[in-house]
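Work through the following exercises with the sequence and the 3D view side by side. Try each task before reading its solution.

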Amino acid sequence: MSALARSRRHRFAPMLLLAFALLVVGGAYTALAPSSAQADALDNADAGKGEALFIANCATCHGPGAVGTDLAPSLVGVGPAAVHFQVTTGRMPMQASGPQAEAKPPQFSEDEALDMAAYIATLGPGPSIPTEEQVDPALGSAPNGMLLFRVNCAMCHNAVGAGGALTEGKYAPSLMNSSPTIIYEAMLTGPQSMPGFNDATLTPDEKRDIIAFLMEQRGTNPGGLSLGSLGPVSEGVWVFVVGLGALIGCAVWIGSRSS
Amino acid sequence: MTSTTTSAATTEQAVPAPVAATVDYLDRRVGLGFAIRGLARKLFPDHWSFLLGEIALYSFIVLILSGIFLTMFFVPSMAEVHYPENALPVTMQGVEMSEAFASTLNLSFHVRGGLLMRQIHHWAALMFVGSMVVHMLRVFFTGAFRKPRELNWVVGFTMLVLSLLAGLTGYSLPDDVLSGNGLRITDGVVRSIPIIGAYMSYMVFGGEFPGTEVIPRMFTLHILLIPGLILALLALHLFLVFWQKHTQYPGPGRTDKNVVGYPLLPVYTAKAGGFFFIVFGVLALMGATMSINSVWNYGPFDPALVSAGAQPDWYMLFLEGSLRLMPGQTEFVILGWTLSLNVLIPAVVVPGLLFTFLGAYPFVENAITKDVGEHHVLDRPRNAATRTALGTAFLSVFFVLLVTGANDLVATHFGLSLNAITLVLRVLIFVLPVVVFIVTKRVCLSLQRKDREVVLHGHETGIVRRTADGRFYEVHKPLDEYERWVRVGHHVYRPLELPPREDARGVRRPGGRADGIRTRLSRFFFEDRVEPVTPAELAAAQSHGEHDELPAAPEGSSAAELAGTRGTSH
Ligand code: HEM
């Protein structure tokens, strides 16, 4: 019996074979899955359930069939990305009326958000939820993202995305905790006062570069405490509160040990 | 009471031979003994607020030390380079930028200790100006600028202006977006000056903004010219403090003719030397743990860019605020010339007024009091009510400008509307100083009244007694001489009584007009006043205060003291 034949009959052989087969299938799945995540995301979603959720929670403002009312705009054609963004950041369903719909802890699970997104998608075509690969920071170029971010976003969101004020009580929020998908969807759909950046203004690759840049900001800060990344004003406050405060304290101490 | 004698005791101690030999050597050649004896005799009054100037001094030393380190690695050039692909930070790899910016990044990420030095340098800069301003406030509110120290006030004021320039030029060197924005504003301000503005801008930038000249020029100004001037003025400043002697707070035995304090050597020198290390330590700690001006966040300068939260360092924030406060509609075109009042007023006129007030104040006050006496005993701020009120009103304007400069951050952090804040601040800039002035003056005058009260009737003790015939009274504890000295020693100015503008026959006399203005100003300053207790009043109060059972202060001495310390000028 040849060595090969003998090893084929080894009692571990079936198990090895099984492991190998699993590896191949798993590998194939992970290799293929990202590109079909979009399809998957909405494939597994149930537009019917989404419609029910919509009627129960959203129709009061957006109207039956999402055609819009005096209170809220029509959602026909806004696309699944807008719904996913608005619902998973907790902006929708909107509650208090203020200068802008605030992000809050989301009321619906990811699956429910996808169901509603699937329902809105049936009403008319619109921007779709990005795939894993489209938002993978590892595939983007942070330096290019930095250049793009400065030109397109920093005037509202601050140089590193710490947020900033707009007129009339509106503001551009901090991007420090936004997930890559949310960042992508925000660019794609342009929520409220934010302009939309369609694929002609910022190509999908450029959007990914911006995501890479923003993710790069979240590592440790080389200089120490970031003090909110708010720039010179917070630095000025700190120099008075911490620095000069401590030194004047010392001066009082030195002065008190005398007369 | 003057402690000149304390130093004599220390000279007797045994000294190690090498030290003695060295001192002897120097003594024979440069007369060191004379110098040391002089210094040891020199007295320095002790008070924590006299250390504020020292914080500025030590921050300046730290600035120079860390700055020397930075010059070794910084390249003041606007030549375009590509940042290396393999260098940190990741976000800058391969990006096109000026050499100045690239060398700043290199300094921050690849030079050992470079980022620490950068951060120490920047914190020290903020601390330098901050402590200088606080020091100046001390000098202002205590009246330390009065004769003979007006000149030293001017020297200090010049250093303040120079240090703002040092900050502005230093801030511009890294050539990042934020510093470029600062230069852009500078350019706009220069251009707003009528007629010569555009030419001046070309002169500053060596052509159209930003050009390629400005960073090398700023560099020369920042590391050579401005620090050199500050250093020279600093030497003059300290020499004048030394020569004119330091002022002292009012207290027992302290008059305009003596100095009560500790000898410069060794007590004061030891304290001051120790304080240097404390300042250095605090700045080093801040540099090590708190990031400041992280230029890689802003990226290389590009004239087309602005980001949210773009502000200058705090000492320039009032200018930014002034610009933000000004309504934008005030730009006119006259015969083809643009008159940008929307920039000229906030960025040239407003700071011009603020700084003129600061620089000229000692002379203005002197013109009003017509006081020719020398003052070495400081004022308690409450006793110079109008000055104190003017100072706080000034500060309130400055504060409104600071808040306006940060209005976007105020909006986001307090959930307010940017437009509403700006509107409110536009009103406040006019209303607040008036309110603050009135309130401060009232507070000062009531504190003076309280002082009178306490001197005449003593401290309230909270003990209530009942007399045999059923009356109630509260026991008051009379002040001791030390406490009383502080409360009665000051001089009270009265409004000038100048002859009227016209004589009895209605003829105008020369100088009548100026005197008229002076009389009015003097009335503004000194109309409302509270007279300190006179010895006679005190005696009267004490004679009918016999129901206070606690013993009164020794009679004779206090009356003499009082008489001796009452104001002496004109
Ligand atoms: C470069 C920044 C400055 C440094 C390093 C500095 C340093 C000092 C020091 C160490 C003293 C003696 C101790 C004290 O009274 O605090 C002093 C006194 C004085 N400084 Fe400054 N100073 C600076 C800026 C200024 C400014 C901006 C002003 C006012 C415009 C000013 C006005 C004065 C005056 C009038 C005195 C005499 C005070 C007295 O004898 O009571 N200085 N300075």
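**Exercise 1: The iron site**

In this predicted model, the six donor atoms around the iron atom of the ligand subtend angles of 83 to 179°, which makes the arrangement octahedral.

Task: Find which residues are the protein donors of the iron atom of the ligand, and decide whether they are buried or exposed.

Solution: Begin with the donors from the protein, which are B:His135 and B:His237, each through its NE2 atom, at 1.9 to 2.2 Å from the iron atom of the ligand. Next, place these two residues along the chain: B:His135 belongs to helix α6 (residues 114-141) of chain B and B:His237 to helix α10 (residues 214-244) of chain B, so that the pair links parts of the chain that are distant, 102 residues apart. Finally, consider the surroundings, where both B:His135 and B:His237 turn out to be buried.

**Exercise 2: Two crossing helices**

Task: Describe how helix α13 (residues 314-325) of chain B and helix α15 (residues 385-405) of chain B cross, and state which residues meet.

Solution: Two packed helices are described by the angle between their axes and the distance between the axes. For α13(B) and α15(B), the axes come within 7 Å and cross at roughly 80°. Because angles of 65 to 115 degrees count as roughly perpendicular, α13(B) is roughly perpendicular to α15(B). As for the residues, α13(B) contributes, among others, B:Trp314, B:Leu317 and B:Phe318, while the residues they meet from α15(B) include B:Phe398, B:Leu401 and B:Leu402. The residues of this contact between α13(B) and α15(B) divide into seven nonpolar, four polar and two charged.

**Exercise 3: Buried or exposed in chain A**

Task: Decide for A:Asp115 and for A:Thr220 whether each is buried or exposed.

Solution: Start with the setting, which is a chain of 259 residues, of which 41% are buried, with eleven helices and two strands. A:Asp115 sits in helix α6 (residues 110-123) of chain A, and since its relative accessible area is 5% and buried means under 20%, A:Asp115 is buried. Beyond its neighbours within four places in sequence, A:Asp115 is in contact with A:Ala45, A:Asp46, A:Ala47, A:Lys49 and A:Gly50. A:Thr220, by contrast, lies in the loop between α10 (204-216) and α11 (232-256) of chain A, and because its relative accessible area is 78% and exposed means over 50%, A:Thr220 is exposed. To place A:Thr220 further, note that its C-alpha is 19 Å from that of A:Glu235, with their positions 15 residues apart in sequence.

**Exercise 4: Unusual backbone geometry**

Task: Locate the cis peptide bonds before B:Pro148 and B:Pro210, and then look at the phi angles of A:Gln192 and B:Ile195.

Solution: Take the peptide bonds first: B:Lys147 and B:Pro148 are joined by a cis bond with omega of about 5°, and B:Pro148 is in the loop between α6 and α7 (150-172) of chain B. Another cis bond, with omega of about -10°, joins B:Phe209 and B:Pro210, and B:Pro210 is in the loop between α9 (197-205) and α10 of chain B. Turning to phi, A:Gln192 is not a glycine, yet its phi is positive, about 45°, and A:Gln192 is partly exposed, with a relative accessible area of 43%. B:Ile195, likewise not a glycine, has a positive phi of about 65°, and B:Ile195 is exposed, with a relative accessible area of 61%.

Methods
Residues are numbered from 1 along each chain as its sequence is written. Chains are lettered from A and ligands numbered from 1 in the order in which they are written. This is a predicted model: local features need pLDDT of at least 70, side-chain atom pairs count only at pLDDT 80 or more; totals for chains, interfaces and linings use all residues. Side-chain values use heavy atoms; hydrogens and water are left out. Axes are lines fitted to C-alpha atoms, for helices over the stretch in contact, and angles run from 0 to 180 degrees between N-to-C directions. Helices (H or I, at least four residues) and strands (E, at least two) are DSSP runs, numbered from the N terminus. Angles under 35 degrees count as roughly parallel, over 145 as roughly antiparallel, 65 to 115 as roughly perpendicular and the rest as oblique. Contact means heavy atoms within 4.5 Å. Ala, Val, Leu, Ile, Met, Phe, Trp, Tyr, Cys and Pro count as nonpolar, Asp, Glu, Lys and Arg as charged, and the others, Gly among them, as polar. Donors are N, O and S atoms within 2.8 Å of the metal (3.2 Å for Na, K and Ca); water is not among the atoms, so sites may look incomplete. Four donors count as tetrahedral if all angles lie between 85 and 135 degrees; four count as square planar and six as octahedral if opposite donors are over 155 degrees apart and all others between 65 and 115; anything else is irregular. Buried means under 20% relative accessible area, exposed over 50%, partly exposed in between (1.4 Å probe, protein chains only).
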